[in-house]
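Subject: Structure for your files

Hello,

Here is the structure I said I would send. My notes on it follow below.

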Amino acid sequence: AGLAWVFWAGLHHSRPALSQKLIAFENSDPRKPTIRYSIERRDANAVVICTLTARDFDKNVVGQLDDVIAAGENSVERTVAIPTRAEAVNVGIARCRIR
């Protein structure tokens with residue numbers, strides 16, 4: 001029974017329901033940096049919401065955006081601009097979740 005559980009756990013966690021990956025970001029306009037990222041979802045009919053953040057030099061969040069990805073393909077690549085209230089130096093994916 002224990003060996004069967006280990007086998008199941010390995011297969012189950014090798015392909016999660018949702019994963020995200022930061023590909024690149026561009027900061028040519030520090031008040032509106034862009035992020036390029038991808039998601040992989042097991043269920044193509046799932047709607048995904050990714051919270052994207054922009055941070056300043058002191059690592060304070062100066063911009064945040066919820067990007068809604070409609071149902072469709074299992075693998076999606078997005079490029080999104082994040083409006084900020086101050087100059088940002090980097091951007092990232094805070095989290096992605098299935099709605």
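Helices and strands here are DSSP runs, numbered from the N terminus, with at least four residues for a helix and at least two for a strand. On that basis, K59 sits in the loop between β3 and β4. Please keep in mind that this is a predicted model.

Overall layout

The chain has one helix and six strands. Their order along the sequence is α-β-β-β-β-β-β. The radius of gyration is 17 Å, whereas a compact globule of 99 residues would have one near 13 Å. Along the principal axes, the C-alpha atoms occupy a box of roughly 55 × 30 × 20 Å. Of the 99 residues, 30% are buried. The exposed surface comes to about 6,400 Å², and 52% of that is supplied by carbon and sulfur atoms. If one takes the contacts between residues at least 6 apart in sequence, 64% of them join residues at least 24 apart. As for charge, there are 14 positive and 11 negative charges, and their mean positions lie 5 Å apart.

The core

In soluble globular proteins, nonpolar side chains tend to be buried together. The largest nonpolar core in this chain contains 16 residues, and the ones with the most contacts inside it are I35, Y37, I39, V48, C50, L52 and I69. At least two residues of this core come from each of β2, β3, β4 (61–69), β5 (75–81) and β6 (90–98). The strand that gives the most is β3, with four residues. To take one core residue in detail, I39 touches L18, S19, Q20, V48, C50, I69, N74, S75, V76 and C96, leaving out residues up to four places away in sequence.

Strands β1 and β2

S38 belongs to strand β2. Is S38 buried or exposed? Its relative accessibility is 15%, and buried means under 20%, so S38 counts as buried. Beyond the residues up to four places away in sequence, S38 touches S19, Q20, K21, I23, V76 and E77.

K21, one of those partners of S38, lies in strand β1 (residues 18–26). K21 has a relative accessible area of 55% and is exposed. With the same neighbours in sequence left out, K21 touches Y37, S38 and I93. The C-alpha atoms of K21 and R36 are 9.0 Å apart, and the two residues are separated by 15 residues along the chain.

Two loop residues

A46 is placed in the loop between β2 (34–41) and β3 (48–55). Although A46 is in a loop, it is buried, at 8% relative accessible area. Which residues does A46 contact, leaving aside its neighbours within four places in sequence? They are R41, I69, A70, A71 and I98. One of them, I69, is also listed among the core residues with the most contacts. A4 is 42 residues from A46 along the chain, and 29 Å separates their C-alpha atoms.

K59, in the loop between β3 and β4, is exposed at 65% relative accessibility, because exposed means over 50%. Its phi is near 70°, which is a positive value in a residue other than glycine.

Regards

Terms used. Residues are numbered from 1 along each chain as its sequence is written. This is a predicted model: local features need pLDDT of at least 70, side-chain atom pairs count only at pLDDT 80 or more; totals for chains, interfaces and linings use all residues. Side-chain values use heavy atoms; hydrogens and water are left out. Buried means under 20% relative accessible area, exposed over 50%, partly exposed in between (1.4 Å probe, protein chains only). Contact means heavy atoms within 4.5 Å. The radius of gyration is taken over C-alpha atoms; the globule rule is 2.2 Å times the number of residues to the power 0.38. Accessible areas come from the Shrake-Rupley method with a 1.4 Å probe; for residues, only the protein chains shown count as cover. Lys and Arg count as positive and Asp and Glu as negative; His and the chain ends are not counted. The place of a charge is taken as NZ of Lys, CZ of Arg, CG of Asp or CD of Glu. A nonpolar core is a set of buried Ala, Val, Leu, Ile, Met, Phe, Trp, Tyr and Cys residues joined through side-chain atoms within 4.5 Å.
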